[in-house]
Amino acid sequence: MKQLIQNFKSGKLYVDEVPSPLLSDGLVLVKNKFSLISAGTEKGTVKVGKASLIGKAKQRPDLVKQVLQNIKKEGLKATINKVTTKLDSLKALGYSTSGIVSASMDTNSKYKTGDRVVCAGQDFASHSELVSVPQNLVAKIPENVTFEEASFTTLGAIALQGVRQADPKIGENICVVGLGLLGQITCQILNANGC
């Protein structure tokens, strides 16, 4: 099957032929119809991947801190090996898709072959022909919703979780910093909530 891959060391993006994902207990195998490209998250991931080692460090100071902690804990040589292995890895992009169930081993027998579903999750709902997704990251698509529309579900869920965490009250004034797609969805949810 075909899948969008990024070589994190070089930053190179390409579509490659990879083995089909496996199906096991608690997973749902889905043939993708649409996968959402998240301009913010994925653009950032691609940008970091294309940067030099120092550029990667500047863009991800949180990871630099982890590396320094790891040096203290495991030593310089072990840390260099760990970082090199991580940089040599290939990364599947994407985290929000919609498609048709090909097979399912979900523990509740909720999903049947042919069901229209939306899928979420980094490293699961990727830009590929076929994905294997944990059952808790899959939901059925209502009949009146297209596959294209459904592929935005994960972004809506992220925005909704942010609103829930903020716990806004009706009539409150709320400032959303960053009006990309996620910020726009968050504003609509807040507006519907009376804010």
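**Exercise 1. Determine how many disulfides the structure holds, and describe the surroundings of Cys 175.**

Solution. A disulfide is taken here as a pair of cysteine sulfur atoms within 2.5 Å, and by that criterion the structure holds 0 disulfides. Cys 175 is in no disulfide, since the nearest cysteine sulfur, that of Cys 187, lies 8.5 Å away. For accessibility, buried means under 20% relative accessible area, exposed over 50%, and partly exposed in between, with a 1.4 Å probe and protein chains only. Cys 175, with a relative accessible area of 67%, is therefore exposed, whereas Cys 119, at 1%, is buried.

The model is predicted, so that local features need pLDDT of at least 70 and side-chain atom pairs count only at pLDDT 80 or more, while totals for chains, interfaces and linings use all residues. Residues are numbered from 1 along each chain as its sequence is written, and side-chain values use heavy atoms, leaving out hydrogens and water.

**Exercise 2. Locate Lys 110 and list its contacts beyond four places in sequence.**

Solution. Begin with the strands, which are DSSP runs (E, at least two residues) numbered from the N terminus: Lys 110 lies in the loop between β5 (96-104) and β6 (116-120). Next, its relative accessibility of 45% makes Lys 110 partly exposed. Finally, with contact meaning heavy atoms within 4.5 Å, and with neighbours within four places in sequence left aside, Lys 110 is in contact with Asp 115 and Lys 140. By contrast, Gln 59 is 51 residues from Lys 110 in sequence and 42 Å from it in space, C-alpha to C-alpha.

Note on methods
Helix = DSSP H or I, 4+ residues; strand = E, 2+ residues; numbered from the N terminus.
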